[in-house]
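Biologist: I would like a close look at a single part of this model, together with whatever connects to it. Please state the cut-offs behind each term as you come to it.
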Amino acid sequence: MTNSEAPTDATVRLQHIGGIDTRDVTLSPGVTVLTGRNATNRTSFLRGLVGVCGSDAVSLKSDADEGLVELELDGRTYTRHLSRENGRVVFDGTPYLQDASTAELFAFLLGSNEARQAVVTNRDLHDVIMAPVDTEAINAEIRTLQRERKQTEQELSELESLESEQRRLESRRSELEAEISELESERDRLAEEIDAEDQTVETQHAQRDELDETLRELQDARSELETVRFRLQSQRESVESLRTERAELESELESVEATDIDRDEVTARVEQIRGEIESLNTTIADLQTVIQYTEDVLDGKTDLIEDTLVESTNSGSVTDQLVSSETITCWTCGTEVEESQIEETTTRLRGVRDERRERRTELRRELDELERDLRSADETQSKRQSLRRKLDRLEGELDNRTEQIDSLTEVRDELAARVEQLEREAEDKQGQANETLIELHKDRNEVEFSLDRTRDELADVNDELDALDEQFDRREELEAQREQLTADLEAARTRIQSLTSSAVEAFNEEMETVLDLLEYENIERVWLERVERRVREGRKKVMQTQFELHIVRTADSGAVYEDTIDHLSESEREVIGLVFALAGYLVHDVHEDVPFMLLDSVEAIDSDRIAALVDHFEAFPQFLVVALLPEDAQALDDSYDRVEWGDE
């Protein structure tokens, strides 16, 4: 649900989650303050809420085999089941988000939040803000666009080289058309003379019968020759139409590029990746269980140690001793160790867990890409096979028509020879008196032969010009395609830069506003700068985008100087971390994905400044849930909803 829709309450129900047996909480739109002392399971509730939203950062109660979180919102119910199987916790259900990684970074701002910790530990902020962006996919898109544009430019270049050939063929076509026009005029003239001369034949009586028979045969042969010529012309037009259709199909087939993938190899890789993802899921779940259990013990949220050590203590609650003491009894070996040692080990485990998550994300991206390649290969193969079948049918029809043309050409030549023979016979029978008529018939026959040859050549020239025209017709399309590819390429190249610029702008804007609200007297300004640095990548150096955090302080003398994050107070570092997370929230439009923002572990900030931060953050999510100590909660606006938390 987005902020633009009508607000409704959200109900969260937990069973056997963290240190909670059962608890139902109704959240109203706006700010909800969870008030209570430390170790009262406020954080367990928040982790339950992020769990039902899709995160794995939720733990099963140590003495339970099954747990459940339900979220009712906007008339729908979302669930997250936790169960213990073979010593590890597995998840099931229908969470609010299928992928909660972006929300975990920028909306679920608990103490261990990666965006907050990146500022506190002085990590590379650019990598954190760009974590939700699939830069590999964008780079792959850039490579595809570059390849397509290069191919388009090559086709345009080839068209330019064909222009001279087109001009030569057009010139030859004009010559042939003029020649045909002249031959047709000559043929018509001879026909008129033959008609006139035929009138004199009526007066001839010598060998009249034989001459008439020969002339009838000659007339029949000429008539049949005309019929054959007409059929031949029709077949040529059909062939021309079929060639046009074939060229279109060949062009379409050429545009459907064959996918060059090894299906067996890709399929084997898909199965390998799935196996590796399943193994990583198991490892991540195991690590999360260990980390969560350790955090719960350190926060006093489990009774396991107390049950184990109760016989060895004489006064006070073991939980109270663990909370107040600087040492703790290791639950694996039973020795007293510094809490800091446990925390350091837990931090290392978190690092290993995060590395496994990053590897899982990489494998999922690769799996999606490979599956897309397989689907694309199937679709392309099917389309190419269909086009080839159509081409095969056209080729068969063309072969059939061509055979008919060859057959008709042979018949035409035979008839032309027959006409010539009959003309000679008529000439012999008619004698000198009819020599003029015979010559006229002979001349017309020669003109017809010339017409046939010229028309054949013109048909060939037209075929070649049609083929060129089809290519030139694509020029405008290719130029528009090149322009679009160039625009798409520029957009893809600037997409990452645009995101980083937006992140810097959002952080600097919000940081300036928050500093004015919180009134840190000795901090003049805090801002991010986007810089390009040459770093070593393997054996070569490449340019890499980084974020540089600048902190300007004011000395007692009034002088302004630049400082580092290491010299800031814990309160100041926490504020900067929260604002950095808020910048990521705004840049990635997290409010469109999840309606909740959670705040925890802000005790390092004084009460009045916490109140100012809550007032400022309230404007962004639909639900802002804040876990505070009672004394800190007193500084907040009385209109905010409050939920009391005590020892369970």
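How much space lies in the second largest pocket?

Modeller: This is a predicted model, in which local features need pLDDT of at least 70 and side-chain atom pairs count only at pLDDT 80 or more, while totals for chains, interfaces and linings use all residues. Residues are numbered from 1 along each chain as its sequence is written, and side-chain values use heavy atoms, with hydrogens and water left out.

The second largest pocket (an open set of points on a 1 Å grid over the protein atoms alone, where a 1.4 Å probe fits, with protein on both sides within 12 Å along at least five of seven lines) holds about 990 Å³ of space, the volume being what is filled by probe spheres set on the points. Its lining, meaning residues with an atom within 4 Å of a point, consists of 33 residues, and E155, S251, E254, S255 and R474 are the ones nearest the centre. Two or more lining residues are given by each of α5 (135-201), α6 (208-255), α10 (339-430) and α11 (435-518), where helices are DSSP runs of H or I, at least four residues long, numbered from the N terminus. Of these, α6 supplies the largest share, with 10 residues. By residue class, the lining comprises 15 charged residues (Asp, Glu, Lys and Arg), 11 polar ones and seven nonpolar ones.

Helix α11, which contributes to that lining, can also be followed into the nonpolar interior. The largest nonpolar core (buried Ala, Val, Leu, Ile, Met, Phe, Trp, Tyr and Cys residues joined through side-chain atoms within 4.5 Å) has 101 residues, and within it V594 and F596 touch the most other members. To this core α11 gives the most, namely 11 residues. Apart from it lies another core, of 19 residues, including L218, L225, V228 and L398. If residues up to four places away in sequence are set aside, F596 touches, among others, A10, L27, L49, F108 and F623, contact here meaning heavy atoms within 4.5 Å.

One residue of α11 deserves a separate remark. A506 sits in this helix and is buried, at a relative accessible area of 14%, the cut-off for buried being under 20% with a 1.4 Å probe and protein chains only. Leaving out neighbours within four places in sequence, A506 is in contact with A583 and V587, and although A506 and F580 are 74 residues apart in sequence, their C-alpha atoms are 8.7 Å apart in space.

How values were computed. Buried < 20%, exposed > 50% of the residue type's maximum accessible area, 1.4 Å probe, protein only.
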